[in-house]
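Me: Please justify the terms applied to this entry. I should like each value set against its criterion.

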Amino acid sequence: MVVLSPRLSALCALLLTVCANAQSASTVTALSSSAPASVSSAVSASSTASELSSTVSSVSASSFATSETSVASITSSLSSVASESFSTLSSFSSAVSGSTAASSSLPASASSTDIASLSTLSSAASASTGPPLESTQITLPISSYGFTSFPVPSASPIPGVFPSTAPKSPPPPGSSLIPDFGPAWARAHSRARQQISGWSLEQKVSVATGVGWMGGRCVGNIAPVADWPGLCLEDSPLGVRFTDFVTAFPAGITTASTWRRDLFRARGLAMGREFKGKGVHVALGPMMNMGRIAQGGRNWEGFGADPFLTGEAAYETVLGLQNGGVQACAKHYINNEQEHFRTQESSNVDDRTEHEIYLHPFMRSVQAGVASVMCSYNLVNDTYACQNDRTLNQLLKDEIGFQGYVMSDWGAHHSTLAAVAGLDMSMPGDITFSSHTSWYGANLTAYVENGTIAESRVDDMAERIIAAYYLLEQDQNYPEVSFNAFDMTDPATNAHVDVQADHYKVVREIGSAGAVLLKNVAGALPLKTPRSIAVIGNDSGPSTRGPNGYSDRGGDDGTLAMGWGSGTTQFPYLVTPLEAIQARAQQDAPGTQVSWWLSNWDTAGAAATAFQQDVALVFVNADSGEDYITVDGNEGDRKNLTLWINADPLIEAVASANPNTVVVVHSVGPAIIEPWIENPNVTAVIWASLPGQESGNAIVDVLWGDVNPSGRLPYTIAKSPADYGAQLITGGTGDEILRIDYTEGLNIDYRHFDSNNIEPRFEFGFGLSYTTFSYSGLHVSTIPQADRTSAALEAAWASGKAAPAAAGGSTALWLHRPAFKVTFQVRNTGHVAGTEIAQLYVHFPAGAGEPPSVLRGFEDVQDVRPGESRTVSITLSRYDLSVWDAEAQGWKKPAGKFEFSVGTSSRDFRLKGTIPV
Ligand code: NOJ
């Protein structure tokens, strides 16, 4: 028998009332199924109990310390209950529900069993902004955040400094001015409020409930309500999925490798126009998970393993997509870092790491005015990401002031009560695909009707969704959906609208700018009119099945230009390296001999083909994708870090026959290349990543020197898999939640190598050029702040006080506006024009608990002529120089000396300075 303290008994009484009420909700549901028929539901008492239990853990399991100074008093009192009462509440909720996976494995750090603040909980709950607690009408005190519909981070824009902005008029790429979307959101919310003012509860619930899997023409669909036309939601982060006459853009990882904000933006804009052209309202990207695990199956959809680089790419991509007219969707929120057991793992992350690494790109997306966010499949600190009050309500909607809506990943929605934890839209709408049941729909209606969930919350959900539609002006001549994602050849539902325009140009430019030159001995590259060329490897040629022969690109056959899974498109065409090389060689010198060998397994044939040719170009790859497809034993995540299809023996065989062997790697992420990287006959290596449809043209641009390479690695290439800090977790039975403890904290990728003095093969930020650059003339200055309205906050920050916690506090302008300026000169000291990627790394004061170097700025210096010097400036904000103080719940400048380096990679520093903080 469980013996309870008096205070805990009181809490139990409260929760049991709720439980009883929740159970009666399921009875009511069966009686009043007024939502669309396709999503009418049946919820059992046991599922309601487990729902309650996991929602309880959403209060209790957030292992984030909070002080009295944080947010509103309700937040601090509830959080203090939460952080003090893990074990007790956990065992209590297990006792109530018969134990659920979500509540049974709590973080090890949650040790206190004292439930000291129960009386505070009750009084805080009754003092909340929601409806009063009554015995028959209970509004659950589950959310610690009152639902203001949109906290405004920049309510008073400062003219000339932070211009008022709408998605159609973004600041130019790379501008350090922070766009103020506040007024545009305010207008959009006001229109949304008007729109829904006369709507019934069922109509508002319908806006929050997808029509069910394959219930419409897009991968996600919201039904029309009255004269509002509903929504089409469609993948992917690299183009419009499941339709024709669209562009297959380079993957996120290739785009990040350019380190060029103009290209991040240009790709986003071109994609935005294509989504709009096809009638899609919501583009399901960009994807901004962090590449914590080198083998992570979907890393290639994102922007690499550094939060700053990922944040800049996410920011510019969102601005571009939304300028093109489509709503962007920042995904997958949050800590969805591996595919293995992605729906059955809890990513256990401390609050500081969450803020500084994983939340940062989402914060940048919010700063770009992102319309929607997709919560992920996994649990975060033992609570599902799509019913996680801490990550959805507290971090996203309150702390960083997100004013749009949160949709679930497809099937990542587990309870009706997720509504109170911050989930606004259920996708695709049904509990399991095609089940015709829904956690929202009739269940949500019933929960509101019986008082379990406040109607104001449903108003907030509908308002957020419809506001995003108006933010993007999708009521103004928006095209009709003109394709059918589930039947691309049906003549009745596919108009085959061509939306490609001249977007192939940006594809080609990113393909060449994203190619990273890793090795180039004695000027092997660029090619100098070779008389004979051998092209070797399966990766150089076409697939036997054509570019789209494998469903969702789930096969590695022929040249690799994207990974597999939902993050793909159909290729309209795919220029292979082999065909582009043949064409370029003849253009270079008619009669150039080009031979090829496409079998990776017959290495003797490959060697014979390469023998006595002026140059042997070997193309190899490594692939990965989403977990619903397994390719060659790789269940989404890569099973190892070696290159695929016998690549290492192939390269070695060719190199043994040809002293001028050039290797081109198309890879989803880092791979181990130790077997051959130091082979003297391997004279050059290009890391060409995943270039999209113009693959062959992009690589010939680099091989022949029409484009001087300037790409930089967005991750570290290690000498051994064991050198990476965080490793793929492959255990688990599926019957219980797999624990993934982020024990490495801030030390992912290069931060781990630096902190532990591990020599990488090629470090983060590394990449060669056909020319050389020198750096000089470092100057650091403080930027005078014309606006004095935040002087007190700035002074408090300078004195080492944590920034006060408040709605929109983490995106406050005073924290993000440029505060320090670093200038220096970059000079081209070689013989050809080239682009340099200058990088700035901050070295936080000793004792700040930061890794030795953290990227906080980069600038592309384009087309510098030989002998020419350019002045480069990079600004730093107070946020850039802050760490997250988990106790005070605010951004804080650690005490001590701030040093920084400017250079050409995370280890090749050319200038060093001190920041005058
Ligand atoms: C699941 C994936 O995780 C997500 O990225 C995608 O947008 C949805 N499926 C819809 O296809």
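The turns below take up a residue, a helix and a ligand in a predicted model.

Me: Why is Tyr-841 called buried?
Reply: The cut-off for buried is a relative accessible area under 20%. Tyr-841 has 0%, and is therefore buried. Its place is in strand S19, residues 834-843.

Me: What makes the pairing of the side chains of Tyr-841 and Gln-839 a polar contact?
Reply: A polar contact requires a pair of N or O atoms within 3.5 Å. The side chains of Tyr-841 and Gln-839 make such a contact at 2.6 Å. A polar atom of the Tyr-841 side chain also lies 3.4 Å from the backbone nitrogen of Ser-906.

Me: How do you know that the span of helix H19 agrees with its number of residues?
Reply: The expected span is 1.5 Å times one less than the number of residues. For the 12 residues of H19 (577-588) this gives 16 Å, and the end C-alpha atoms are 16 Å apart, which agrees.

Me: Why are the buried residues of H19 said to line one face of the helix?
Reply: The buried residues are Pro-577, Leu-578, Ala-580, Ile-581, Arg-584 and Ala-585. Seen down the axis of H19, they fall within an arc of 160 degrees, so they line one face. They pack against elements including strand S11 (532-536) and helix H23 (695-703).

Me: Which distance sets Asp-409 in polar contact with the ligand?
Reply: The cut-off is 3.5 Å. A polar side-chain atom of Asp-409 lies 2.6 Å from a ligand oxygen atom, and for Glu-626 the corresponding distance is 3.4 Å. The protein covers 95% of the 290 Å² of accessible area that the ligand has on its own.

How values were computed:
Residues numbered from 1 in each chain as written. Predicted model: local features only at pLDDT ≥ 70, side-chain atom pairs only at ≥ 80, totals over all residues. Heavy atoms only, no water. Helix = DSSP H or I, 4+ residues; strand = E, 2+ residues; numbered from the N terminus. Buried < 20%, exposed > 50% of the residue type's maximum accessible area, 1.4 Å probe, protein only. Arc of directions from axis to C-beta. Contact = heavy atoms within 4.5 Å. Polar contact = N/O pair within 3.5 Å; in protein donor to acceptor, adjacent residues only side chain to side chain. Areas by Shrake-Rupley, 256 points an atom, 1.4 Å probe, with all protein chains shown as cover.
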